[in-house]
Each structure stands twice: as C-alpha cells, then as structure tokens.
Amino acid sequence: MAKKTNPLALLREAWLNRATALFTAHWVTLGVTVPVDVQLSCGFPGGCSVRRRIGECWPRSRSVKKVNQIFISPIIDAPLVALDILGHELLHAVDDCASMHGTVFTKNSGRVGYSGGKHSTAETPAAKARLSLMLKTLGRYPHG
C-alpha cells in the first residue's frame with residue numbers, strides 16, 4: 001500500500017522551489033551563485049526555541065545525498081517573511097554554511113541587498129522591491 005503524501009506539503013515545497021529558482025536567476029547577475037541541488041522543506045529547524053529559530057540551512061556533510069538542506073519553520077505563514085527567510089538561508093548554501101554569519105556570508109548578503117549578520121534580511125529598497133515582485137509571480141504561500 002502506497003504511503004499517502006500530504007498535498008499541502010508538496011505545494012509548499014513547490015512554492016519554495018519556485019522561489020529559489022527566482023532568487024538564483026537574479027542573484028547570479030549580482031555575482032552570487034546558489035547551488036542547483038539545494039533541497040527545501042517546511043519543518044522545525046534543529047535546536048533552540050521553535051519560535052526563535054525560524055529557518056536553517058544544513059551543510060552538505062550532514063546530508064546522505066550531500067546537498068544543502070534548508071528548513072523554513074511551519075510557524076511562518078506570511079509569504080513575505082517566508083521568502084525573506086528563504087533568501088537568508090540560501091545565502092548560507094552559497095558557501096555550504098562554512099562562514100556561518102561571517103565574512104563570506106556578509107559579503108554575499110551585501111551583494112544581494114541583505115543586511116548581513118545573524119539577523120540578515122532584505123534591507124535595500126531594491127531587495128525589498130525584488131521580494132515584492134517575486135511574490136506577484138509566486139502567488140500565495142500555500143500554508144495553513
């Protein structure tokens with residue numbers, strides 16, 4: 001008997017994958033290359049409080065498939081917030097989480113208009129406008 005799959009989870013992951021493709025296409029023009037094999041899920045990130053850690057990128061070394069695994073917390077339901085968190089976590093995947101929130105992460109954050117550091121979010125007017133444009137393309141975040 002085949003295991004039933006939650007269709008909402010598929011929709012949410014599909015939305016995150018489409019968003020990643022949009023980030024990737026734009027960021028490469030800014031000199032930031034997102035790995036093509038990143039895997040995305042909506043799930044609770046490890047450690048800490050589920051209300052404090054809202055996204056996480058795991059390095060390739062922690063994956064059986066040797067790919068970066070990104071998790072967006074299921075407590076996030078606002079599409080703009082989910083998109084902003086995804087962008088932050090994709091910045092970690094760029095260097096396989098090696099710099100954490102250090103020099104490489106901060107440099108790449110600046111290139112794409114994010115603030116850099118532990119609480120890096122889309123900061124510049126251009127980055128915020130890009131997220132709004134992406135939301136028009138993506139439609140609602142299939143959550144809840």
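Does Asn108 count as buried or exposed, and what is its relative accessibility? With a relative accessibility of 5%, Asn108 counts as buried, because buried means under 20%. Keep this residue in mind as you go through the views of this predicted model.

**Figure 1. The whole chain has 4 helices and 3 strands.** Follow the chain along its sequence and you will meet these elements in the pattern α-β-β-β-α-α-α. There are 144 residues, and 41% of them are buried. The chain exposes about 8000 Å², with carbon and sulfur atoms supplying 60% of that area. If you take the contacts with a separation of 6 or more, 62% of them link residues 24 or more positions apart.

**Figure 2. Asn108 sits in helix α3, which covers residues 103-112.** Who are its partners? Setting aside neighbours within four places in sequence, Asn108 is in contact with Val32, Leu91 and Val94. You can find two of these names, Leu91 and Val94, again in the next view, on the α2 side of a helix contact.

**Figure 3. Helices α2 and α3 cross at roughly 130°.** Two packed helices are described by the angle between their axes and the distance between the axes. Helix α2 spans residues 79-94, and its axis and that of α3 come within 9 Å. The two helices are therefore oblique to each other, and their crossing is right-handed. On the α2 side the contact is made by His88, Leu91, His92 and Val94, while α3 brings Phe105, Asn108, Ser109 and Val112. Sorted by class, this contact has 4 nonpolar, 4 polar and no charged residues.

**Figure 4. Helices α2 and α4 pack at an angle of about 115°.** Helix α4 is made of residues 125-138, and the axes of α2 and α4 are 10 Å apart. These two helices are therefore roughly perpendicular to each other. Here α2 passes α4 in a right-handed crossing. Look for Pro79, Leu80, Leu83 and Asp84 in α2, which meet Leu131, Met134, Leu135 and Leu138 in α4. By class, the contact between α2 and α4 has 7 nonpolar, no polar and 1 charged residues.

**Figure 5. Val38 is a buried residue in a loop.** The loop in question runs between α1 (7-27) and β1 (39-42). At 10% relative accessibility, Val38 counts as buried, because the cut-off is under 20%. Now compare sequence with space: Val38 and Val67 are 29 residues apart in sequence, but 5.8 Å apart from C-alpha to C-alpha. Leaving out neighbours within four places in sequence, Val38 is in contact with Asn68, Ile70, Leu90 and Ala93.

**Figure 6. Lys66 and Asp96 each have a positive phi.** Lys66 lies in the loop between β2 (55-58) and β3 (69-72). Its phi is near 60°, a positive value in a residue other than glycine. At 48% relative accessibility, Lys66 counts as partly exposed, because exposed means over 50%. Asp96 lies in the loop between α2 and α3, the helices shown crossing in Figure 3. The phi of Asp96 is near 55°, again a positive value in a residue other than glycine. Asp96 has a relative accessible area of 28% and is partly exposed.

Terms used. Residues numbered from 1 in each chain as written. Predicted model: local features only at pLDDT ≥ 70, side-chain atom pairs only at ≥ 80, totals over all residues. Heavy atoms only, no water. Buried < 20%, exposed > 50% of the residue type's maximum accessible area, 1.4 Å probe, protein only. Contact = heavy atoms within 4.5 Å. Areas by Shrake-Rupley, 256 points an atom, 1.4 Å probe, with all protein chains shown as cover. Axes fitted to C-alpha atoms, helices over the stretch in contact; angles between N-to-C directions. Parallel < 35°, antiparallel > 145°, perpendicular 65-115°, else oblique. Left-handed = near helix turned anticlockwise from the far one by under 90°. Nonpolar A, V, L, I, M, F, W, Y, C, P; charged D, E, K, R; others polar.
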